[in-house]
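Biologist: I would like a close look at a single helix and at how it sits among its neighbours. Please take the packing geometry, the residues in contact and the burial together.

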Amino acid sequence: MGKNLLVAQSGGPTAAINATLAGILEQALREEAIETIYGARYGIQGALASNFVELSARKNLKEELDDLAKTPAAALGSCRYKMKDPNVDPSEFEALVRICQSHNIGYFIYIGGNDSMDTVWKFSEYIKENHIPDLVVVGAPKTIDNDLFGIDHCPGFGSAAKYIATSIAELERELVVYDTPYVIVVEMMGRNAGWLTAAASLVEGVNSSTPYLIYLEEHPFDLDVFLNDLRKTMAHGSSVIVAISEGIRDASGKMICDYGNRDQQKDAFGHTIATGAGKVLEEAIRSKIGCKVRSIELNLLQRCAGHILSATDIQESRTLGQNAVRMAVKGQNGYMSSLRRLATPEYQIEYMASPISAIANREKKVPAEWITAEGNNVTEAMREYLRPLVQGEDHCRFVNGIPHYIVLL
């Protein structure tokens, strides 16, 4: 008799999280060891409440997978819920085990980012330490921030990077129609890592000679130095694109967004909600330099743009989902479906399993050598890393001129 599979999604939405889900469903339907496929509504909170949808009973599921793969955000719903430390209070993990056993669930795949992988690690360790038979927990990666350890790049990052590069290219069109100095400041997500902001560099010099200034979270930010950088760049009447990470901070660690006297807000995991650095820079430019200036915060738009997907990202994300199912069936408890880049002239990757113990509660930063010495741009090595990830154009299906998305709740 086979076992059932439970899949859930967690954390912030991305354009590729459902591609990973589609890969999981695709492979699970092929596996003789898997009987019923359940989806937990709203992540681990739904799992703890036995709030399941029987996905394998869904009519036309196979025919929906391609549309699902190009549907942004979490089709099963998501959550930001921090489970209790099982060493302090094991009640939630005890309940989760009982629920899995009562539904004959032998495989649990959790799709998510850093905090979700922490949940996978805690649950998989609880299973090992308590010698719970026939239950395997596997992680499937997801985050536009690209800051997960144990993987070359994360599902969702390539599509977000493509959206950012496209948006910057379009904003550059705004600049080139005027003959007066004009600065556009674009703030990208990335609380603790600047990978997304670096994607702006892919456009520099491609369609015009407009200069770029790019500031990542990994390098200390000094407002006076920034204004001097800007004055030098504009010395010959140039308009400028300024790309910044939302999490840029000064040498003391204070976030630039907090220069605006904003009260810090926290998410469910205690992380600071960083937003508003672009507005701080806009106001500084207006008062200290006096040129035309606008700030734009891409915010949620960069996460769920189904109309401008990286074909590479969607294909890789789907394959990572398939790999997660194969890992689960093999009994690889406490591992995350992953990929690594091969040292070949042409871009190639291979799929693998990475131990969650080396991933949970760690963040992958942009290497210092990929940031210029001045801290106001990135190197060619950074652009070489990025280029393969945004290759190929894909998009969701349009019906009557508007996007058509799949919902599984």
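Is the crossing of α1 and α10 left-handed or right-handed?

Modeller: This is a predicted model, in which local features need pLDDT of at least 70 and side-chain atom pairs count only at pLDDT 80 or more, whereas totals for chains, interfaces and linings use all residues. Residues are numbered from 1 along each chain as its sequence is written, and side-chain values use heavy atoms, with hydrogens and water left out.

Helix α1 covers residues 17-30, and α10 covers residues 311-329; helices (H or I, at least four residues) and strands (E, at least two) are DSSP runs, numbered from the N terminus. The crossing of α1 and α10 is right-handed, the near helix being turned clockwise from the far one by less than a right angle, where anticlockwise would be left-handed. The axes of these two helices come within 7 Å and cross at roughly 40°, and α1 is therefore oblique to α10. Axes here are lines fitted to C-alpha atoms, for helices over the stretch in contact, and angles run from 0 to 180 degrees between N-to-C directions; under 35 degrees counts as roughly parallel, over 145 as roughly antiparallel, 65 to 115 as roughly perpendicular, and the rest as oblique.

On the α1 side, the contact (heavy atoms within 4.5 Å) is made by A19, T20, A22, G23, I24, E26, Q27, A28 and R30, and these meet I314, S317, R318, G321, Q322, V325 and R326 of α10. By class, this contact of α1 with α10 has six nonpolar, six polar and four charged residues, where Ala, Val, Leu, Ile, Met, Phe, Trp, Tyr, Cys and Pro count as nonpolar, Asp, Glu, Lys and Arg as charged, and the others, Gly among them, as polar.

The packing of α1 with α3 (residues 61-69) has an angle of about 155°, with the axes 8 Å apart, so α1 and α3 are roughly antiparallel to each other. Here α1 passes α3 in a left-handed crossing, and the contact is made by N18, A19, L21, A22, L25, E26 and L29 of α1 together with L61, K62, L65, L68 and A69 of α3. That contact has nine nonpolar, one polar and two charged residues.

As for burial, 12 of the 14 residues of α1 are buried, and the helix is mostly covered; buried means under 20% relative accessible area, exposed over 50%, and partly exposed in between (1.4 Å probe, protein chains only). The buried residues of α1 are I17, N18, A19, T20, L21, A22, G23, I24, L25, E26, Q27 and A28. Besides α3 and α10, they pack against the strands β1 (3-9), β2 (34-40), β4 (105-112) and β5 (136-141). The partner α10 is itself largely enclosed by the rest of the structure, because 15 of its 19 residues are buried.

The lengths of both helices agree with expectation, taken as 1.5 Å times one less than the number of residues. For α1, the 14 residues should span 20 Å, and the end C-alpha atoms are 21 Å apart; for α10, the 19 residues should span 27 Å, and the end C-alpha atoms are 28 Å apart. After α10 comes G331, whose phi is positive, near 85°.
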